[in-house]
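Here is a friendly briefing on two ligand sites, meant to be read beside the structure. Please have the sequence and the model open as you go.

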Amino acid sequence: MKKPIRVAVTGAAGNIGYSLVFPIAAGDMLGKDQPVILQLVELPNAIQALHGVALELDDCAYPLLAGIEVADNSAAGFKDADVVMLVGAKPRGPGQTRADLIRDNGPIFTGQGDAIDQNAAPDVKVIVVGNPCNTNALIAASRARRTDKANYTAMTRLDQNRATGQIAKKLGIAPGAVRDTFIWGNHSDTMVPDFSKGYVLHGGEKKAIAEVVSSDWLATDFDKTVRTRGKAIIDARGKSSAASAAQAAMDHIHDWFLGTGDNTVVSMAVPSDGSYGIPEGLVYSFPVRITAPWKYEIIQGLPIDAAMQARIDNSTKELLAEREAVKDLL
Ligand code: NAD
Ligand code: LMR
């Protein structure tokens with residue numbers, strides 16, 4: 001029997017939390033032979049609801065679920081955690097941008113950053129889902145002293161999955177046949193969906209996305225749909241994405257730990273090491289490959305034309321403005 005991996009989830013009784021913790025317990029995220037201990041964290045006013053979630057987890061009798069711990073504070077909730085999934089934060093409502101949440105949600109990540117650094121496993125891996133996720137991850141990473149800042153990441157996998165899904169739908173094929181689309185930049189409308197290295201698998205053949213889908217559609221509907229999908233879901237559901245966000249958070253951690261199997265490109269927002277001229281430390285979505293369990297590498301040397309560069313710069317500018325807006329928290 002493998003040693004259980006401890007996974008802490010904040011906001012575990014919320015919209016996303018309820019879609020996330022059950023498949024993690026079922027082994028969808030870390031593997032079907034990997035026991036997990038769930039460390040569920042909520043605000044004191046949601047603890048009763050969280051106890052209800054824990055009761056349901058018991059009732060599922062998941063073979064891999066080696067323990068459930070419930071906490072109303074981050075210090076207890078993050079104790080010895082190997083993976084911390086920072087979901088708990090306010091979602092935006094109609095008419096708001098994600099950046100409008102920054103002064104409400106940003107302060108959550110100073111305390112949680114400290115609590116991770118002081119209580120989690122030294123090689124803890126962190127994903128921030130709560131918005132605006134890139135800058136919240138920047139805030140949490142800024143508290144890291146004992147833990148590795150490079151392991152503080154934010155989620156743009158949902159945007160990548162949306163891009164993959166749109167291309168698959170356009171071609172009438174399953175999303176599994178669409179590879180290597182990815183996202184640059186911020187999880188906001190300035191994100192840059194990049195299909196230029198993408199391809200589809202068709203009858204054993206690889207075909208570049210640009211060869212099989214019209215360039216007009218890629219430049220217009222596709223691009224806009226991916227960049228504004230979060231709003232479309234809020235407008236339709238009255239609530240922000242939950243099941244798809246939970247799936248993307250699991251995909252992010254799954255691939256970081258277990259790889260993609262075929263070395264495909266994945267999008268992760270990670271602290272920049274200066275690659276592609278992105279200012280160091282800014283939590284920026286890059287194309288990455290997973291080279292070993294819990295090791296990502298930013299793919300280097302991709303050609304970028306002037307139009308793409310202008311869009312990448314625009315997303316950088318927005319993230320620099322977000323950083324400026326929370327400089328008292330860094
Ligand atoms: P929700 O309001 O349904 O649930 C949030 C939960 O977090 C609540 O139960 C709340 O009690 C809890 N919470 C709030 N502050 C907390 C704290 N300091 N510690 C612990 N728990 C806390 O919201 P949701 O729909 O689950 O969305 C959560 C966040 O995820 C939002 O900020 C949303 O915008 C964001 N989100 C991001 C992406 C992405 O792609 N990055 C996708 C979807 C949603
Ligand atoms: C999403 O992309 O679905 C989330 O970030 C929620 C939102 O506010 O758009």
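Ligand 2 is surrounded by R92, R98, N131, L158, R162, H187, G230, I234, S240 and S241 (each with a heavy atom within 4 Å of it). This is a predicted model, in which local features need pLDDT of at least 70, side-chain atom pairs count only at pLDDT 80 or more, and totals for chains, interfaces and linings use all residues. Residues are numbered from 1 along each chain as its sequence is written, chains are lettered from A and ligands numbered from 1 in the order in which they are written, and side-chain values use heavy atoms, with hydrogens and water left out.

**Ligand 2**
- Oxygen atoms of ligand 2 lie 2.5 Å from a polar side-chain atom of R92, 2.6 Å from one of H187 and 2.7 Å from a side-chain N or O atom of S241.
- The shell around ligand 2 holds 2 nonpolar, 5 polar and 3 charged residues (Ala, Val, Leu, Ile, Met, Phe, Trp, Tyr, Cys and Pro count as nonpolar, Asp, Glu, Lys and Arg as charged, and the others, Gly among them, as polar).

**Ligand 1**
- Around ligand 1 there are 25 residues, and the closest are N15, E42, K90, V129 and N131.
- An oxygen atom of ligand 1 is 2.8 Å from a backbone N or O atom of N15, and a polar side-chain atom of E42 is 2.6 Å from an oxygen atom of this ligand.
- The side chain of Q112 places an N or O atom 3.2 Å from a nitrogen atom of ligand 1.
- The shell around ligand 1 comprises 12 nonpolar, 11 polar and 2 charged residues.

Methods
Polar contact = N/O pair within 3.5 Å; in protein donor to acceptor, adjacent residues only side chain to side chain.
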